[in-house]
Amino acid sequence: MKGIIGKKIGMTSIFSPDGKQQSCTIIEAGPCVVTQVKTQEVDGYTALQLAFGEKKEKNTTSAEKNHFAKANTSPKKFVKEFRNYSLEKNIGETVTAEIFAEGEKVDVVGTTKGKGFQGVVKRHGFSGVGDATHGQHDRQRAPGSLGNSSDASRVMKGMRMAGRMGAERVKVKGLKVLKIFPEKNYILVSGSVPGHNGSIVYIQK
């Protein structure tokens, strides 16, 4: 496995060599500093801990300062472990977007946009009552009957109802790396990735 921490910049579209337009997402991938190397002998598993994004000294605890000092780097905002990392890296080294190649398939993990508390029409795609003239009053977006009456006498688990929507961790698999800009640490991947512009995502293969 190999991976990197990145920041979603936004979406755009590019043209392929055969003239087809393809939507893609721009991700600022790294540079990430290796802040810890975990081994089977010491930790019980192998992993590479990467850090990304600058953090103010005043917002950093003493323990974090000492941890980053071992890697000879400034305090970082985001830290993520990637298990069974396929590339040999030592503490203090840098991981950049160049670990990927154009044409590769990658998975992107992100947190979807939070929508707050939403009703059944938006959250689950219910159609609503629709017929407002036949004895209905303020029922256009209501959930309707919740099911059983005297037999079960309760609302069954899993019933689709109103509630909080979004802000969930989602992995999108099989996105193609369309282009890499090493000087800017930009990666262009096909399609869309979860999250708002500026949100943190994890690219892995």
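Student: Let's start with a salt bridge: how many Å, N to O, separate the side chains of Lys38 and Glu81 where they meet?
Tutor: Happy to start there, and keep in mind that this is a predicted model. A salt bridge calls for a Lys or Arg side-chain nitrogen within 4 Å of a carboxyl oxygen of Asp or Glu. Lys38 and Glu81 meet in this way, with an N to O distance of 2.7 Å.

Student: Which strands does this pair tie together?
Tutor: Lys38 and Glu81 are 43 residues apart in sequence, so their pairing ties together separate parts of the chain. Lys38 belongs to one strand and Glu81 to another, and these are S3 and S5.

Student: Is Lys38 buried or exposed?
Tutor: The cut-off for buried is under 20% relative accessible area. Its partner Glu81 has 26%, so Glu81 is partly exposed. Lys38 has 16%, and therefore Lys38 counts as buried.

Student: Which residue forms a salt bridge with Lys76?
Tutor: The closest N and O atoms of this pair are 2.5 Å apart, and the partner of Lys76 is Glu54. The pair links distant parts of the chain, 22 residues apart, with Lys76 in strand S5 and its partner in strand S4 (residues 47-54). So the residue to look for in strand S4 is Glu54.

Student: Is Glu54 buried or exposed?
Tutor: A residue is buried under 20% relative accessible area and exposed over 50%. Lys76 has 10%, so Lys76 counts as buried. Glu54 has 53%, and so Glu54 counts as exposed.

Student: How far apart are the closest N and O atoms of Lys65 and Glu57?
Tutor: Lys65 is partly exposed, with 34% relative accessible area, and Glu57 is partly exposed at 46%. Lys65 and Glu57 form a salt bridge, and their closest N and O atoms are apart by 3.8 Å.

Student: What does the count of salt bridges come to?
Tutor: Those we have discussed include Lys38 with Glu81 and Lys65 with Glu57. With the rule of nitrogen within 4 Å of a carboxyl oxygen, the salt bridge count comes to five.

Student: Which arginine gathers with Lys113, Lys115 and Lys122 in a patch of positive charge?
Tutor: One of the lysines, Lys122, lies in helix H3 (residues 120-124). Lys122 has 45% relative accessibility, so Lys122 counts as partly exposed. The arginine that gathers with these lysines on the surface is Arg141.

Student: What is the approximate area of the nonpolar surface patch that includes Leu146 and Val155?
Tutor: Met156 is also one of its members, and Met156 sits in the loop between H3 and S9. Met156 has 34% relative accessibility, which makes it partly exposed and puts it past the patch cut-off of over 30%. Together with Met159 and Met161, these residues make a patch of about 360 Å².

Student: What is the phi of Ser153, roughly?
Tutor: Ser153 lies in the loop between H3 and strand S9 (163-166). Ser153 has a relative accessible area of 52%, so Ser153 is exposed. Although Ser153 is not a glycine, its phi is positive, at about 55 degrees.

Student: In which loop is Asn84?
Tutor: Asn84 is another residue to check, with a positive phi of about 50 degrees although it is not a glycine. Its loop lies between strand S5 (76-83) and strand S6 (94-95).

Student: What is the form of the peptide bond from Gly30 to Pro31?
Tutor: Pro31 has its place in the loop between strand S2 (21-29) and strand S3 (32-38). Omega for the bond from Gly30 to Pro31 is near 0 degrees, and the bond is cis.

Student: How far apart are the C-alpha atoms of Ala101 and Gly158?
Tutor: Ala101 is found in the loop between S6 and strand S7 (105-111). Leaving aside neighbours within four places in sequence, Ala101 is in contact with Val177 and Ile180. Ala101 and Gly158 are 57 residues apart along the chain, and their C-alpha atoms are separated by 43 Å.

Student: Last one: is Gln204 buried or exposed?
Tutor: Gln204 is found in strand S12 (residues 200-204). Not counting residues up to four places away in sequence, Gln204 touches residues including Met1, Phe82, Val106 and Lys171. Gln204 has 13% relative accessibility, so Gln204 counts as buried.

Note on methods
Residues numbered from 1 in each chain as written. Predicted model: local features only at pLDDT ≥ 70, side-chain atom pairs only at ≥ 80, totals over all residues. Heavy atoms only, no water. Helix = DSSP H or I, 4+ residues; strand = E, 2+ residues; numbered from the N terminus. Buried < 20%, exposed > 50% of the residue type's maximum accessible area, 1.4 Å probe, protein only. Contact = heavy atoms within 4.5 Å. Patch = residues over 30% accessible without salt bridge, like charges linked within 9 Å, V, L, I, M, F, W, Y side chains within 5 Å. Areas by Shrake-Rupley, 256 points an atom, 1.4 Å probe, with all protein chains shown as cover. Lys, Arg positive; Asp, Glu negative; His and termini not counted. Charge placed at Lys NZ, Arg CZ, Asp CG, Glu CD.
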